[in-house]
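User: I would like to go through this structure by question and answer. Please keep the replies short.

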Amino acid sequence: MAEGLTRRTLLAQATIAAAVYTLDPHELCCGVNAYAQTAGTEKFQLKKVGDGIWAAVAEVRYKVNSNAAVIETNDGVVVVDTHSKPSAARALYTEIQAVSKKPVRKIINTHFHWDHWQGNEVYASANPGLEIITTEQTKQNLTKPDVGVGGVPFIEKQLAALPGEIEKLKDDLQKATDAEAKARVQSNLAQAEAYQQELKQLKPTLPTRTVSKTVTLQEGGREIQLHVLGRGHTNGDLYIYMPKEKVVATGDAVVDWMPFLNDGYPEEWAQTVAALEKLDIVQIIPGHGEPAPKAHLAFFRGYLTDLVAAVKTAAAGGATLDEMKTKVADQLAPKYEKGMSKYPVGQFRDRIGLNVEMVHKKVVAKG
């Protein structure tokens with residue numbers, strides 16, 4: 001953690017008044033329906049995607065964790081993204097020990113969203129010399145107020161919102177009409193309560209090194225390229241590329257479900273993914289969902305491109321925002337609904353309305 005830096009100091013600098021804050025549903029980048037089937041424990045599946053490279057695929061939970069990339073070198077391990085909380089980082093570290101006993105020497109954070117960096121402290125406490133790398137813009141976002149769904153100020157916002165969220169889950173539990181539904185809501189309630197306690201104790205641990213352009217690391221005999229390709233999911237996305245193994249870790253700039261556009265740049269995002277496609281890639285480790293082949297980039301980019309075009313066309317035809325949400329959803333569904341509805345979170349019909357709203361706000365209204 002940076003010298004003299006505490007969560008309270010940063011919050012004071014950011015002038016965050018959390019006591020009266022309630023999270024808007026639009027700020028929940030990875031929200032889950034209380035009745036959706038989710039895992040009850042912090043759990044990851046290590047899936048080998050290259051020699052000494054694993055995708056750590058997070059179980060879908062009510063309190064969502066990001067995926068991670070685990071990269072073994074001759075003298076250590078590099079981990080990309082650290083999930084939403086310390087307990088998740090500890091759970092993954094246990095899984096890593098099954099494939100490598102080498103120390104974790106570097107962490108790379110792909111962007112500033114809460115579910116990708118809040119476990120940094122676990123690795124830093126185990127290794128005081130740990131290097132944490134991200135883009136310069138992401139490091140700035142981690143300490144600024146009101147930049148989106150992440151950073152130190154957002155911790156306090158979550159803490160302010162959790163009591164209401166917990167009460168809502170308790171109410172849902174009372175209303176659940178069958179044993180299966182009750183069990184699901186009970187699990188999600190337990191997750192929310194445990195998450196609240198973890199956030200209260202969280203020691204925000206920020207990056208120690210930043211990059212502003214594409215750089216190459218030589219890590220214990222392995223080449224790791226850090227690509228800064230432009231704005232997309234956020235204004236500071238970082239792509240981690242292993243050219244020999246032809247594997248890329250994307251954070252949420254590419255996911256295996258519907259993208260979250262609230263902190264994004266829809267038109268530029270499609271262009272950034274197109275730039276990523278120029279790399280020689282065989283396997284993608286996305287921010288959420290299963291590892292995917294390179295063909296997924298074209299599918300994902302196609303959705304962004306078609307979404308923006310459809311919203312522009314609907315707006316030019318005089319459609320209201322509500323009309324657009326229905327019209328665009330029906331228009332894009334044949335091509336994208338099945339591919340973006342594989343999991344109990346981030347499904348096409350659950351998120352298409354918000355995606356339409358964000359494109360209208362960020363592209364049409366500003367145009």
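User: Leaving aside its neighbours within four places in sequence, which residues is Glu198 in contact with?

Analyst: This is a predicted model. Glu198 belongs to helix H6, residues 179-201. Setting aside neighbours within four places in sequence, its contacts are Lys85, Pro86, Ser87 and Arg90.

User: Which side chain of opposite charge is nearest to Glu198, and how far away is it?

Analyst: Glu198 is buried, yet has no salt bridge. A salt bridge needs a side-chain nitrogen of Lys or Arg within 4 Å of a carboxyl oxygen. The nearest side chain of opposite charge misses that: it is Arg90, at 4.3 Å.

User: How many aromatic pairs does a search of the whole structure find?

Analyst: Ring pairs link Phe299, Tyr303 and Tyr336 into a cluster. Tyr93 and Tyr123 form a pair too. The search of the whole structure gives a count of six.

User: What is the geometry of the pair formed by Tyr93 and Tyr123?

Analyst: Two values describe a pair of aromatic rings: the distance of the centres and the angle of the planes. For Tyr93 and Tyr123 the centres are 6.3 Å apart and the planes stand at 80°. Planes over 60 degrees apart count as edge-to-face. The pair is therefore edge-to-face.

User: Why does the pair of Tyr93 and Tyr123 tie together separate parts, and how many residues apart are they in sequence?

Analyst: Tyr93 sits in helix H2, residues 86-97, and Tyr123 in helix H3, residues 120-126. The pair therefore ties together parts whose separation in sequence is 30 residues.

User: Is Tyr123 buried or exposed?

Analyst: Its partner Tyr93 is partly exposed, with a relative accessible area of 31%. Tyr123 has a relative accessible area of 3%. Buried means under 20%. Tyr123 is thus buried.

User: Which residue lies over the face of Tyr265?

Analyst: The residue stands at 6.0 Å from the ring centre of Tyr265. It is Lys362.

User: What is the strand order in the open sheet of six strands?

Analyst: The pairing in this sheet is mixed. Strand E8 (215-219) and strand E13 (292-293) stand at the edges. Each has a single partner strand, so one side of each is left without a neighbour in the sheet. The order is E8-E9-E10-E11-E12-E13.

User: Which strand runs parallel to E11, and which runs antiparallel?

Analyst: Strand E11 covers residues 247-251, and four bridges join it in parallel to strand E12, residues 283-286. Val247 stands opposite Gln283 there, and Gly251 has Pro286 as its bridge partner. Three bridges join E11 to strand E10, residues 239-242, with Tyr241 and Val248 as bridge partners. So the parallel neighbour is E12, and the antiparallel neighbour is E10.

User: Which residue in the turn between E10 and E11 has a positive phi?

Analyst: E10 and E11 form a hairpin, with four residues between them. In the turn, a phi of about 60° belongs to Lys246.

User: How many of the residues of E11 are buried?

Analyst: Val247, Ala249 and Gly251 point one way from E11. Val248 and Thr250 point the other way, and all are buried. E11 is mostly covered, and the count is five of five.

User: Where is Gly150 found, and which residues is it in contact with beyond four places in sequence?

Analyst: Gly150 is in the loop between helix H4 (136-143) and helix H5 (152-175). Gly150 is buried, with a relative accessible area of 2%. Leaving aside neighbours within four places in sequence, its contacts are Phe112, His113 and Trp114.

User: What is the C-alpha to C-alpha distance between Gly150 and Asp263?

Analyst: Along the sequence the two are 113 residues apart. In space, C-alpha to C-alpha, Gly150 and Asp263 are separated by 9.9 Å.

User: Which residues does Gly148 touch, not counting those up to four places away?

Analyst: Gly148 is found in the loop between H4 and H5. Gly148 is buried, with a relative accessible area of 16%. Its C-alpha atom is 9.6 Å from that of Gly264, 116 residues away along the chain. Not counting residues up to four places away, Gly148 touches Phe112, Phe154 and Asp263.

User: What percentage of the residues of the protein count as buried?

Analyst: The protein has ten helices and 13 strands. Of its 367 residues, the buried share is 56%.

Key. Residues numbered from 1 in each chain as written. Predicted model: local features only at pLDDT ≥ 70, side-chain atom pairs only at ≥ 80, totals over all residues. Heavy atoms only, no water. Phe/Tyr/Trp six-rings, centres within 6.5 Å; stacked < 30°, edge-to-face > 60°. Helix = DSSP H or I, 4+ residues; strand = E, 2+ residues; numbered from the N terminus. Buried < 20%, exposed > 50% of the residue type's maximum accessible area, 1.4 Å probe, protein only. Lys NZ or Arg CZ within 6 Å of the ring centre and 35° of its normal. Pairing = 2+ DSSP bridges. Lys, Arg positive; Asp, Glu negative; His and termini not counted. Contact = heavy atoms within 4.5 Å.
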